[in-house]
Amino acid sequence: MLSRLAGSVFRVGAAVERADVLARLLDVYLARAEPVAGAEEQTVCRELRRVAGAVVRPGIVLDRVTTLESLALDRHEPASIATAVAVARDDARRARDVVSTELWDCLNVTRSRMPRKIAGGREHEFLGWVRERSALAIGVVEADASRDEVWEFFTLGRSLARCAATAKLLASDLLVPESASSWGTALRACGAGEAFQRATGSGAPASDAAAFLLLDDRSPRSVLFLTLRAEECLEDVAPAVVTEALDDLRGARRALQALAPAEAIDAARAAGRRLAEVADRVAGALDARVFAAAGPTR
């Protein structure tokens, strides 16, 4: 595949996943959360911006309403849902030669229906719509695409984007490692809450929740699963071009596999920091050495 097309497909996957990730985070921590005020509200909003990858500038307003508007609909905010949807649509247009008509139609319609304001009290409804549109785009690819380079680059973009976001959440002050309720909130924000409850039942300790989100190799929301999937895709499409980044990814995966479930709580913050850095390095290496090249990806 041509490098420019590979880059566009990768960015489509990453942007679709980012929209889903942000919608879940904003829904759980702001839209449906119990109202908080003062320093606690500022901490939640500041940490959400950091997890989303938004810059926390001095003097920025850190309250629920402003943070929701900024991270959901601000078209001038690179980390917002609106920007992610626009990036997915624009890169799908550039990759029309290799992506399906159904995927293009899905992303084009989503972009055209993206509102500029959220009516008061309808934040949860809007964020649910974003998750549905993201799921539809992913479903189109999973159902129709051949397991070729297009699928590999799309899935690689998705896996790295979700891995980075989950890792940043693990390393943030949104998570209190010793609190079972805090882990429950984090699991819901990552889309793993119901799967965890079905696997363990209600009242499971924080150690079980930490092990599930970090180490479960069967849950598509766990960082180990995401690291394994990203590593597999990277080995298939560009192993000789980004060898150092691939080695970093393998090292992070081995470190996770070496952890015992009982160690997950204590290791969560450090593991999150390492995985976030590795995911960013892999994405940067792909941009510099694969997508910027003039010829094919191989």
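**Notebook: Thr227, an aromatic cluster and the cavities**

I began with Thr227, whose side chain has a polar atom 2.6 Å from the backbone oxygen of Val223. I note here that the model is a predicted one.

**Entry 1. Thr227**

I looked up the position of Thr227 and found this residue in helix α11, which covers residues 223–237. Is Thr227 buried or exposed? The relative accessibility of Thr227 is 1%, so I recorded this residue as buried; the cut-off for buried is under 20%. I then listed the contacts of Thr227, leaving out residues up to four places away in sequence. The residues that Thr227 touches on this basis are Cys163, Leu249, Arg253, Leu256 and Leu275.

**Entry 2. Aromatic pairs**

I next asked how many aromatic pairs the structure holds. The count is four. I examined one of them, Phe153 with Phe291, and found the ring centres 5.9 Å apart. The planes of these two rings stand at 65 degrees, so I entered the pair as edge-to-face; the class requires an angle over 60 degrees.

Which helices hold the two residues? Phe153 belongs to helix α7 (residues 149–170), and Phe291 belongs to helix α13 (residues 264–291). The pair therefore ties together parts that lie 138 residues apart in sequence.

I checked the accessibility of both partners. Phe153 has a relative accessibility of 0% and so counts as buried. Phe291, at 10%, also counts as buried. I also noted that ring pairs join Phe10 to Phe153 and Phe291 in a cluster.

**Entry 3. Cavities**

I turned to enclosed space and found three cavities of 30 Å³ or more. The largest cavity has a volume of about 80 Å³. Which elements give two or more residues to its lining? They are α1 (3–31), α4 (81–94), α5 (101–112) and α6 (123–144). I recorded α6 as giving the most, with four residues.

I then went through the lining of the largest cavity by residue. Ala15, Val16 and Ala19 are part of this lining, as are Ala84, Val85 and Ala88. Leu107 and Thr110 also line the largest cavity, and the list is completed by Val130, Arg133, Ser134 and Ala137.

What is the division of these lining residues into nonpolar, polar and charged? I entered nine as nonpolar, two as polar and one as charged. Arg133 is in this lining, and Arg is counted as charged.

How values were computed:
Residues numbered from 1 in each chain as written. Predicted model: local features only at pLDDT ≥ 70, side-chain atom pairs only at ≥ 80, totals over all residues. Heavy atoms only, no water. 1 Å grid on protein atoms, 1.4 Å probe; cavity = no way out; pocket = protein on both sides within 12 Å on 5 of 7 lines; lining within 4 Å. Points joined across faces, edges and corners; volume = space filled by probe spheres on them. Phe/Tyr/Trp six-rings, centres within 6.5 Å; stacked < 30°, edge-to-face > 60°. Buried < 20%, exposed > 50% of the residue type's maximum accessible area, 1.4 Å probe, protein only. Polar contact = N/O pair within 3.5 Å; in protein donor to acceptor, adjacent residues only side chain to side chain. Contact = heavy atoms within 4.5 Å.
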